[in-house]
Amino acid sequence: MTILLKEEYAWTLDSVWLAEEIFENINSQDDEVVVLDFEGIRFISLSFTQAYVNFKRHSPKKIREINLNKENKTMLQVVADKFNMKIGLEE
């Protein structure tokens, strides 16, 4: 299953509550693997990033990120590095 973040949520990902909503959606899916498409996402806040990585760490789903621009991938990866996690399809 693929979730198009810009279409389903917004072009900015800027709150803990939004990260929580996205993961409620992810964790309610029947699919074991969920792909998050970041195409068109222009901004990711630090608070969203921290919540996103935390929710991803505790999710029972295998989550893949695609179409991350350089800035957003760097932001997510900096936080994910603290937990030896990878962001993107390389996992």
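**View 1. Lys61, a buried lysine without a salt bridge.** In this predicted model, Lys61 sits in the loop between α3 and β5 (62–66). Look for a partner of opposite charge and you will find Asp30 as the nearest such side chain, 6.2 Å away. A polar atom of the Lys61 side chain does lie 3.1 Å from the backbone oxygen of Asp31. Leaving aside residues up to four places away in sequence, Lys61 touches Ile26, Asn27, Gln29, Asp30, Asp31, Glu32 and Val34.

**View 2. The largest nonpolar core and its best-connected members.** This core holds 25 residues, and those touching the most other members are Leu5, Leu36, Phe38 and Tyr52. Two or more residues come from each of α2 (16–27), β3 (33–37), α3 (46–58) and α4 (70–81). Helix α2 gives the largest share, with 5 residues.

**View 3. The surroundings of Leu5.** Here we zoom in on one of the residues that touch the most other core members. Residues up to four places away in sequence aside, the contacts of Leu5 are Ala10, Leu13, Ile22, Leu36, Asp37, Phe38 and Ile41.

**View 4. The aromatic pair Phe23 and Tyr52.** The model has 4 aromatic pairs. In the one shown, the ring centres of Phe23 and Tyr52 are 5.2 Å apart and the planes meet at 65°, so the pair is edge-to-face. Phe23 belongs to helix α2 and Tyr52 to helix α3, so this pair, 29 residues apart, links distant parts of the chain. Both residues are buried. Step back a little, and Phe23 and Tyr52 join Phe38, Phe48 and Phe55 in one aromatic cluster.

Terms used. Residues are numbered from 1 along each chain as its sequence is written. This is a predicted model: local features need pLDDT of at least 70, side-chain atom pairs count only at pLDDT 80 or more; totals for chains, interfaces and linings use all residues. Side-chain values use heavy atoms; hydrogens and water are left out. A nonpolar core is a set of buried Ala, Val, Leu, Ile, Met, Phe, Trp, Tyr and Cys residues joined through side-chain atoms within 4.5 Å. Buried means under 20% relative accessible area, exposed over 50%, partly exposed in between (1.4 Å probe, protein chains only). Helices (H or I, at least four residues) and strands (E, at least two) are DSSP runs, numbered from the N terminus. Contact means heavy atoms within 4.5 Å. Lys and Arg count as positive and Asp and Glu as negative; His and the chain ends are not counted. A salt bridge is a side-chain nitrogen of Lys or Arg within 4 Å of a carboxyl oxygen of Asp or Glu. A polar contact is a pair of N or O atoms within 3.5 Å; within protein, one must be able to donate a hydrogen and the other to accept it, and residues adjacent in sequence count only if both atoms are side-chain atoms. Rings of Phe, Tyr and Trp (its six-membered ring) pair if their centres lie within 6.5 Å; planes under 30 degrees apart count as stacked, over 60 as edge-to-face and the rest as tilted.
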